[in-house]
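I set out to record, entry by entry, what I looked up in this structure. The notes follow the order in which I examined the parts.

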Amino acid sequence: MKASTHSFNRERRNPLTGLLGHDGYTAHAAALTARHTRDAMVLICDVDKFKQINDTHGHAAGDRALAVTAQRLTAWAGSRGIVGRLGGDEFTLTVRIAPADRRLRLEQLAAALAEPVDIGDGLVDVAVSVGAATPDRVGTTDLSQLQRAADAAMYAGKQTGQRRAAGHHHLGTAA
């Protein structure tokens, strides 16, 4: 009985987005990264100016923006990845993408995330910053280090307005 309770807790999903929480995501993502080291990619995504969406359009609009962002991330990852909600307006993904396909797939993700969100009484532009890290560029297959590098790349992109792919130098960057 204890094992099933533990399994339930690890697989607990966020009620708003339907995504796995931290523990469930981490277990699946670590296994995917360990199994597919050559094709693994870890992403951190953050909704830009989320407080402004809530303040301007209300919390229901903010919730809708988060739910739609989660749906778009899940659709993009498909059966080749796992998506989790870290909390607030931050998401994480681990996916299998062949190195030759990375640029195209990231462009597809950017296009999907750039689509306005229908909040019920109109459309709202929701910008999402994305940082990506891969074992070959960062020099490790450790999930926590890949997430840290992707997070640092995401914040570097927020500051410059450009998308960033993480390299090994992002491991020393505190976000």
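**Entry 1. The β2–β3 hairpin.** I began with Arg85, which stands opposite Phe91 in β3. I note at the outset that the model is a predicted one. I then looked up the strands around this position: β2 covers residues 81–87 and pairs with β3 in the antiparallel sense, over six bridges. Two residues lie between the strands of this hairpin, and I found that Gly88 there takes a positive phi near 55 degrees.

**Entry 2. Strand β3 and its burial.** I next asked how many residues of strand β3 are buried. Strand β3 spans residues 90–96, and six of its seven residues are buried, so the strand is largely enclosed by the rest of the structure. I also looked up its pairing with β1: the two strands run antiparallel and are joined by seven bridges. Within this pairing, Leu43 stands opposite Leu93 in β3.

**Entry 3. Leu93.** I took Leu93 as a single position to follow in strand β3. Its relative accessibility is 0%, and Leu93 therefore counts as buried, the cut-off being under 20%. I listed its contacts, leaving aside neighbours within four places in sequence: Tyr25, Met41, Val42, Leu43, Cys45, Leu73, Trp76, Ala77, Ile82 and Val83. For one of these, Ile82, I looked up the spacing: Leu93 and Ile82 are eleven residues apart in sequence, and their C-alpha atoms are 5.7 Å apart in space.

**Entry 4. Strands β1 and β6.** I returned to β1, residues 40–47, to see its pairing with β6; the two are antiparallel and share six bridges. Ile44 stands opposite Gly131 in β6. Which residues of β6 lie on each side? I found Val128, Val130 and Ala132 on one side and Ser129, Gly131 and Ala133 on the other, all of them buried, which leaves both faces of β6 covered. I noted the general background that side chains in a regular strand alternate between the two faces of the sheet. Strand β6 comprises residues 128–133, and six of the six are buried, so this strand too is largely enclosed by the rest of the structure.

**Entry 5. Lys49.** I moved to the loop between β1 and α3, where Lys49 is found. Lys49 has a positive phi of about 50 degrees, although it is not a glycine. For context, I recorded that most residues other than glycine have a negative phi. Is Lys49 buried or exposed? Its relative accessibility is 64%, so Lys49 counts as exposed.

**Entry 6. Helices α3 and α4.** I then examined α3, residues 50–57, against α4: the helices pack at an angle of about 140 degrees, with their axes 6 Å apart. That angle makes α3 oblique to α4. I listed the residues that make the contact: Phe50, Ile53, Asn54 and His57 belong to α3, while His59, Ala61, Gly62 and Leu66 belong to α4. By class, this contact has four nonpolar, four polar and no charged residues.

**Entry 7. Helices α4 and α5.** I followed α4, residues 59–77, to its meeting with α5, residues 102–114; their axes come within 10 Å and cross at roughly 155 degrees. The two helices are therefore roughly antiparallel to each other, and their crossing is right-handed. On the α4 side I recorded Thr69, Arg72, Leu73 and Trp76, which meet Arg105, Leu106, Gln108, Leu109, Ala112 and Leu113 in α5. The residues of this contact divide into six nonpolar, two polar and two charged. I noted that Leu73 and Trp76 also appear among the contacts of Leu93.

**Entry 8. Arg35.** I looked up Arg35, which lies in helix α2, residues 22–35. Arg35 has a relative accessible area of 57% and is exposed. Its C-alpha atom is separated by 9.8 Å from that of Thr141, although the two residues are 106 apart along the chain.

**Entry 9. The chain as a whole.** I closed with the overall layout. The protein chain has seven helices and seven strands, and along the sequence they follow the pattern α-α-β-α-α-β-β-α-β-β-β-α-α-β. Of its 175 residues, 42% count as buried. Among contacts with a separation of 6 or more, residues 24 or more positions apart account for 66%.

Note on methods
Residues are numbered from 1 along each chain as its sequence is written. This is a predicted model: local features need pLDDT of at least 70, side-chain atom pairs count only at pLDDT 80 or more; totals for chains, interfaces and linings use all residues. Side-chain values use heavy atoms; hydrogens and water are left out. Axes are lines fitted to C-alpha atoms, for helices over the stretch in contact, and angles run from 0 to 180 degrees between N-to-C directions. Helices (H or I, at least four residues) and strands (E, at least two) are DSSP runs, numbered from the N terminus. Angles under 35 degrees count as roughly parallel, over 145 as roughly antiparallel, 65 to 115 as roughly perpendicular and the rest as oblique. A crossing is left-handed if the near helix is turned anticlockwise from the far one by less than a right angle, and right-handed if clockwise. Contact means heavy atoms within 4.5 Å. Ala, Val, Leu, Ile, Met, Phe, Trp, Tyr, Cys and Pro count as nonpolar, Asp, Glu, Lys and Arg as charged, and the others, Gly among them, as polar. Buried means under 20% relative accessible area, exposed over 50%, partly exposed in between (1.4 Å probe, protein chains only). Two strands pair if DSSP finds at least two bridges between them.
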